[in-house]
Amino acid sequence: MNARMYAWNVLDRVMNHGAYASLVMREKNDLSPLDQGLASEIIYGSLRSWMWLQYQWQDLAAKTKPKTAVLLSMSVYQLLKMERVPAYAVINDAVAMANPYEKKFVNAVLRQVQRRGELPVDETDELKKAAIETSHPLWILKLWEAHYGKSTALSIAQADQQPAAVYGRWNTLHEGWQTAAADPKVKAIEDDCFQYDGILASSPLFQKGFCVIQDRTSQRVVRMLDARSGMEVLDACAAPGTKTQQIACAMNNQGRITAFDLYPGRVQLINALMKQTGVNIVEASVHDASVAADGMYDRILLDVPCSGLGDLAHKPEIRYHLKPENLDQLIDVQQKILNAQALRLKEGGRFVYSTCTLDQKENAAQIRCFLQEHPQFSLCEEHTWFPQDLHGSGFYGALVERVHF
């Protein structure tokens, strides 16, 4: 299997069967590192531009089978967006991979796209035009326009089209992290956050446990919690444990952290990360965070399940899988988690409610509703981080204090 065949199979599973590229690509394959890089560029580049790619060829084909449509879109991405890839190689491979009855059709469509070049989007409405050019379903842009204004909505969409930046966070529990930070490939960003000139996941810094990979804005959410040594802390939706590990670093590995997740396999991920990074104060267990449990805490992190609309650079397929009706289901789950876990806060304690989405119904509106129903709590601060501001994921975080019982 070559890079293009692999990319076609992954994209078919993502676009036609609801899979997620990052999960599919974790499965074992026999690609060389060079082919792996080419496949990744084709997959993520195509996903970020999917609606625009369809616009480039659909006027040439009235009816197309779903898997063939994927082949055409990914091939058009290579023809129009990948300058160093020879057009003949793209077209020849696409024809070779196509169904025997569709080879002439695939060849004709791609050669026509090659001849005419990029097709400008013929749309006068600014939002509708941007929806195609940035491959964001129109309902998402309208939602952002309603919540943040048109200018911000368009800026978010443009930022989502950039390849996702990779950030590291130093594991300050590792004795050698400061020496590792002197690596000339390391670029300090803020606090314990940095970027690496190279593939961080393949670097000795990561493989030896000096750091973890964590988005810049995700790190900021945990800093809001202000966890300290000796505290009792709850991380109610903890897997895969990256934020849990950051809390442990803030506590100098002193105190106790209770970490919940809904599935045993994800709890195993938490435990594995704690072992890898030298954390021994975490007790991870399977628990539904929407159901109350025993125990009171000084700090609680509620990084709740959300629509993920702030994470479209890392996971571009979310925009195609998500439907407006999904938001209502998520809002109900978020409310249940808030009501089940926030009441476990000690007087004077604080919780952080966070999401990686840009939807005020899941964010500020949830906190306003909670505060209205629970006058014993008070909002200390809240932040919305847009991807265009920090070149990271879009996040929301609210810090809330329990002022009395």
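**Exercise 1. The surroundings of helix 5**

Which helices are included in what covers the buried residues of helix 5, and how many of its 16 residues are buried?

Solution. The cover of the buried residues of helix 5 includes helix 1 (3–17), helix 3 (33–48), helix 4 (50–57), helix 6 (87–97) and helix 7 (103–116). The model is predicted. Next, count the covered positions: twelve of the 16 residues of helix 5 are buried, so the helix is mostly covered, where buried means under 20% relative accessible area. Among them are Ala69, Val70, Leu71, Leu72, Met74 and Tyr77. Finally, check the span: helix 5 reaches 22 Å from its first C-alpha to its last, close to the 22 Å expected at 1.5 Å a residue.

**Exercise 2. Thr68**

Decide whether Thr68 counts as buried or exposed, and list its contacts beyond four places in sequence.

Solution. Start with the location: Thr68 lies in helix 5 (residues 66–81). Its relative accessibility is 6%. The cut-off for buried is under 20%, and therefore Thr68 counts as buried at 6%. With neighbours within four places in sequence left aside, Thr68 is in contact with Glu102, Phe105 and Val106.

**Exercise 3. Strands 2 and 3**

In which sense do strand 2 and strand 3 pair, and over how many bridges?

Solution. Take the ranges: strand 2 covers residues 186–190 and strand 3 covers residues 193–196. The two pair in the antiparallel sense, over four bridges. As for register, Lys187 stands opposite Gln195 in strand 3. Now look at the connection: strand 2 and strand 3 form a hairpin with two residues between them. In the turn, Asp191 has a positive phi of about 50°.

**Exercise 4. The second largest pocket**

Describe the second largest pocket by volume, by lining residues and by the elements that supply them.

Solution. The volume of the second largest pocket is about 240 Å³. Of its 13 lining residues, Asp192, Arg223, Gln246, Cys249 and Ala250 are the closest to the centre. Strand 1 (168–170), helix 13 (216–225) and helix 14 (242–250) each supply at least two residues of this lining. Sorted by class, the lining has five nonpolar, three polar and five charged residues.

**Exercise 5. The largest cavity**

How many cavities of 30 Å³ or more does a search of the whole structure find?

Solution. The search finds one. The largest cavity has a volume of about 100 Å³. Lined by 14 residues, this cavity has Ala164, Ala313, His391, Gly392 and Ser393 as the closest to its centre. Its lining divides into six nonpolar, six polar and two charged residues.

Technical notes
Residues are numbered from 1 along each chain as its sequence is written. This is a predicted model: local features need pLDDT of at least 70, side-chain atom pairs count only at pLDDT 80 or more; totals for chains, interfaces and linings use all residues. Side-chain values use heavy atoms; hydrogens and water are left out. On a 1 Å grid over the protein atoms alone, a cavity is a set of points where a 1.4 Å probe fits but cannot get out, and a pocket is an open set with protein on both sides within 12 Å along at least five of seven lines; lining residues have an atom within 4 Å of a point. Grid points are joined across faces, edges and corners, and a volume is the space filled by probe spheres set on the points. Ala, Val, Leu, Ile, Met, Phe, Trp, Tyr, Cys and Pro count as nonpolar, Asp, Glu, Lys and Arg as charged, and the others, Gly among them, as polar. Two strands pair if DSSP finds at least two bridges between them. Buried means under 20% relative accessible area, exposed over 50%, partly exposed in between (1.4 Å probe, protein chains only). Contact means heavy atoms within 4.5 Å. The expected span of a helix is 1.5 Å times one less than its number of residues.
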